[in-house]
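Reader: I am new to this structure and would like a close look at a single part of it. Please choose one residue in the interior, describe what is around it, and then show me how the rest of the protein is arranged.

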Amino acid sequence: MNVLTYRDLLRIRTQLDAPTRTATFSQRIWGEREANVDGLQYRHVLTPTDREVTVRDYSGETRAMRMFGSNNYLGLATHPVVVERVQKAIAEYGVGVGGPPALNGHGPLQRELQERLAALEGQEAALLYGTGYSANVGLMSALPSKKDFAVYDAHSHASFIDGMRLGRVEGKAFAHNDPAALDRALAEVRGDYRDVFVSVEGVYSMTGDVARLDRIAEACVRHDALLIVDDAHGTGVTGPNGHGTVAMFDVAKEVDVIVGTFSKTFAVSGGFIAASREIVEYLRYFSRAHVFSASLSTAVCAAVLAGLDVMEDEPELHGRLMDHAATFAERLQALGFEASGLTPIFSLPAPAGADVRAMAHAFHERGLFVNHVEAPVVPASEQRFRISLSALHTDEDLEEVLAAIEEIWEAFTPADTPQAKADTPTLDAFEGGF
Ligand SMILES: Cc1ncc(COP(=O)(O)O)c(C=O)c1O
């Protein structure tokens, strides 16, 4: 079946009216489904997110798969304490508040959660948002003014970029995780603006590397810039007992705003901002993504509160996760990959010229649920696989996926490795990682 590729769509989409554009796009998706050539996005997972899941895939059959594609780092998605506390909370408080906090109030769980998050992050106060995405959008559209500027890591999440766009914040990216580049950017712009906001992520979601927060914080202090750290993937992972990347570098006093999400380690949805009392009170009234959006539901608050308790009561979960990360990194290095082992996120670049989608199918056929990112979501030279480990995995699980990596790379690396293809444009709808 001759169907349009994403690249074709990128080229022509602005020339088509909305009905034609949507119809063309849908036909492509349906075409692929009929031809059974895709089907690895939006896999239909029929069981709870656990070490093993049951998936109904493109063949229409169900199959058991080992889960290496979730951010359920500590296994909280199915932890019995979390499940029980959610059930009890719903019995006591019902499912939710039924509106935004400014109009409908918020309950004891929402309040307690804000206090617990502020304490976790070493900040004075915290504010809840419907998602991590809206926390970033709500922050950047409210805090900087027209006289301010943002300097942000080149790998920043789409939600930060979208927040800047909404707030019409002027800004520029600095080279990924390069404190010297940040320093140069700050020296260049600092004198021309009233406040300069620097934004980095604690752990980068697609590459798994950890921000050099010590040097970044030092540059911000030197240039009198405000520092924002989005630690979406750091909570539960980095720092002592998973207290996050700011704790890892002991820089809570140098950081002005911490953004977090409940969609990774806590395996639910929702987000927050932790900062000084002044910043939080300001955002409570001026951050439209908070003001005009409903309070978090009871289930979410109870799940995160229980998750925080599990983190404290069962430190062995974090210990196992980090042991797995260290072992896996060592084994990957022996296979020729770069891996730090500082986080459980492993980013494996596809060999130049390899058929990434065929490689993804090879993992799938082995019953291994991993994520792949292909062009044009990223440039062709940066296509990759992302493997996330969890405290739920066993040593045997790690061996299984390592054996698959070795075999798949051997089978799919072109014998006469051609030069990486010229970069394709990125699809801006997906820009900024996941
Ligand atoms: C760094 C970063 N910030 C923000 C988000 C958005 O979080 P949420 O899924 O809660 O909207 C993500 C999730 O992909 C992320 O990786």
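## A close look at V151

Author: If its neighbours within four places in sequence are left aside, V151 is in contact with G171, K172, F174, L182, A185, L186, V189, V196 and V198, where contact means that the C-beta atoms of two residues, placed from the backbone, lie within 7 Å. Residues are numbered from 1 along each chain as its sequence is written. The model is predicted, so that local features need pLDDT of at least 70 and side-chain atom pairs count only at pLDDT 80 or more, while totals for chains, interfaces and linings use all residues.

V151 belongs to strand β5, which covers residues 149–153; helices (H or I, at least four residues) and strands (E, at least two) are DSSP runs, numbered from the N terminus. V151 counts as buried because it has 26 C-beta neighbours inside 10 Å. The cut-offs behind that word are 20 or more other C-beta atoms within 10 Å of a residue's own for buried, 12 or fewer for exposed, and partly exposed in between, with C-beta atoms placed from the backbone. V268 lies 117 residues from V151 along the chain, and the C-alpha atoms of the two are separated by 30 Å.

Helix α9 (residues 213–222) also has buried residues, namely L213, I216, A217, A219 and C220. These residues sit on the same side of α9, because they cover an arc of only 160° around the axis, the arc being that of the directions from the helix axis to the C-beta atoms. An α-helix has 3.6 residues a turn, so residues three or four places apart point the same way. The cover over the buried residues of α9 includes α8 (179–189), β7 (196–201), β8 (226–230) and α10 (245–249). Just after α9 comes D224, with a positive phi of about 55°.

A second buried residue to compare with V151 is G271, in strand β10 (residues 271–275). G271 counts as buried because 28 other C-beta atoms lie within 10 Å. Residues up to four places away in sequence not being counted, G271 touches Y129, T131, G132, S134, A135, G260, T261 and F262. Of 16 residues that surround the ligand, the closest include T131, G132 and T261, a residue being near a molecule if its C-beta atom, placed from the backbone, lies within 6 Å of it. Helix α6 (residues 132–140) gives the largest share of this shell, 3 residues.

The wider setting is a protein with 16 helices and 14 strands, in which buried residues make up 44% of the 434 residues. The domain assignment gives domain 1 (34–67 + 315–430) and domain 2 (79–312), with bounds that come from an automatic or database domain assignment. The centres of domain 1 and domain 2, taken over C-alpha atoms, are 28 Å apart, and 12 residues of domain 1 are in contact with 14 residues of domain 2. On the side of domain 1 that touches domain 2, α14 (315–334) and β11 (345–349) each supply at least two residues, and the largest share there, 3 residues, comes from β11.
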